[in-house]
Amino acid sequence: EPRGTNATRCEGAPAPLAPSRPPLRDNARMDASISPRIAVVTGAGSGIGRACSLALLREGWTVWLLGRRADALQATAETADAQHPGAGARAHPWVADVGNPADVQRAFDAVRDAHGRLDLLFNNAGIFTPTATPDQVALDDWQQSVQTNLNGAFYCLRAAFALMRTQSPRGGRIINNGSLSAHAPRPGSIAYTATKHAITGLTKAAALDGRAFDIAVGQIDIGNVATDMTAAMAAGVLQADGSVRPEARMDMDAVVQAFMTMVRLPLQANVLFMTVMATQMPFIGRG
């Protein structure tokens, strides 16, 4: 759930890495059957963003890796090359804070200049601020949650939509990373829960508006993933009834498989909402 996401808090406007610039492609010949296809993944330096970026690279995609930390993004590219020699050449690390609209626009302008198109956006970046009851939430934490989880997702979706509707062939796919908290909250998570509920509205509205331009917009809601960051959940985490109980987790590969199922669909089909979670995770009937 929240702890598997990559933090992208506003820390000014970092300078982008210098990506390689492949020549413009003949857009008239680009369609769903032609590779490489072009993707942007936010929060690509760790966790779900890194794992899904690696899966795309394995399948021949060119992937722009967006995040705040150059070293983490470069590590993703190097991991891709180690797993599949040559794949790293299709990985483009680009330092950007999704909560900064100027950063976002520069990144998507660079994608347009390099390739003339975009086929996929995975709107993955997000943060989880400290647990607190509503009266104890620091206003700065609230604002950072909204700026990254909601505004940042909108800035990226807006830029991707603008490119996808005007490119030739037009259209593309946008996948927003929601959460089980887009449906049912955890105790003390009002900021995260509110922004993830808002992502559901963002997904629905963009999916409706995207119909006219062959833009498919969907949302993947992800439960507990087995990483070092979620080890505490296996030991015991606060439940809605006030008890502390361990929660089941799933392997990252399950998330990647679910994500790639959405990616591989033709544009005439869309998974509007997908929930992937450990079978025994307390979600249905939470509380």
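How much area does the chain expose, and what share of it do carbon and sulfur atoms supply? I began with this, keeping in mind that the model is predicted: the chain exposes about 12200 Å², and carbon and sulfur atoms supply 54% of that area.

**Entry 1, the chain as a whole.** I looked up the secondary structure and found seven helices and nine strands. I then turned to burial, and noted that 52% of the 287 residues count as buried. For contacts I took the pairs of residues at least 6 apart in sequence, and among these 76% join residues at least 24 apart.

**Entry 2, the sheet.** I asked myself in what order the strands of the open sheet stand. I read the order as β3-β2-β1-β4-β5-β6-β9, seven strands with parallel pairing. At the edges I found β3 (91-95) and β9 (273-276), each of which has a single partner strand, so that one side of each is left without a neighbour in the sheet. From one strand to the next I noted a twist that averages 15 degrees.

**Entry 3, strand β1.** I stayed with β1, residues 38-42, and looked at its partners, finding that three bridges join this strand to β4 in a parallel run, and that V40 has L121 as its bridge partner in β4. With β2 (residues 62-67), β1 pairs over five bridges, again in the parallel sense, and here I noted that A39 has V63 as its bridge partner.

Is β1 enclosed or left open by the rest of the structure? I counted five of its five residues as buried, so I wrote β1 down as largely enclosed. In a regular strand the side chains alternate between the two faces of the sheet, and I therefore checked each face of β1 separately, with I38, V40 and T42 on one side and A39 and V41 on the other, and found all of them buried.

**Entry 4, helices on the sheet.** I looked next at which helices pack on the sheet. Helix α4 (139-166) does so, touching β1, β4, β5 (172-177) and β6 (215-222), and its direction makes about 175 degrees with that of β4. Helix α5 (residues 190-210) also packs on the sheet, where I found it touching β5, β6 and β9, with its direction at about 160 degrees to that of β6.

**Entry 5, the nonpolar cores.** In soluble globular proteins, nonpolar side chains tend to be buried together. Which residues touch the most other members of the largest nonpolar core? I found L56, I220 and F259 in that position, within a core of 42 residues. Helix α7 (residues 252-264) gives the most to this core, and I noted its contribution as eight residues. I then recorded a second, separate core of 32 residues, which includes W64, A96, C156 and L202.

I followed I220 further and, leaving aside its neighbours within four places in sequence, listed its contacts, among them F122, I175, V255, A258, F259, M262, M274 and V276.

**Entry 6, an aromatic pair.** I found five aromatic pairs in the count, and chose F128 and Y192 for a closer look, whose ring centres lie 4.9 Å apart with the planes at 65 degrees, so the pair is edge-to-face. The two residues are 64 residues apart and link distant parts of the chain, F128 standing in the loop between β4 (120-123) and α4, and Y192 in helix α5. I compared their burial: F128 counts as partly exposed at 24% relative accessibility, whereas Y192 is buried at 2%.

**Entry 7, I190 in helix α5.** In this helix I also looked up I190, which counts as partly exposed because its relative accessibility is 38%. I noted that I190 and P134 are 56 residues apart in sequence, yet 6.5 Å apart in space from C-alpha to C-alpha. Not counting residues up to four places away in sequence, I190 touches P134, V137 and W142.

**Entry 8, A77 in helix α2.** Where does A77 lie? I placed A77 in helix α2, residues 70-83, and found this residue buried, with a relative accessible area of 6%. Its contacts, again without the neighbours within four places in sequence, are L65, G88, A91 and P93. I closed by looking at G45, which is 32 residues from A77 in sequence and 9.1 Å from it in space, C-alpha to C-alpha.

Methods. Residues numbered from 1 in each chain as written. Predicted model: local features only at pLDDT ≥ 70, side-chain atom pairs only at ≥ 80, totals over all residues. Heavy atoms only, no water. Core = buried A, V, L, I, M, F, W, Y, C linked by side-chain atoms within 4.5 Å. Buried < 20%, exposed > 50% of the residue type's maximum accessible area, 1.4 Å probe, protein only. Contact = heavy atoms within 4.5 Å. Phe/Tyr/Trp six-rings, centres within 6.5 Å; stacked < 30°, edge-to-face > 60°. Pairing = 2+ DSSP bridges. Axes fitted to C-alpha atoms, helices over the stretch in contact; angles between N-to-C directions. Areas by Shrake-Rupley, 256 points an atom, 1.4 Å probe, with all protein chains shown as cover.
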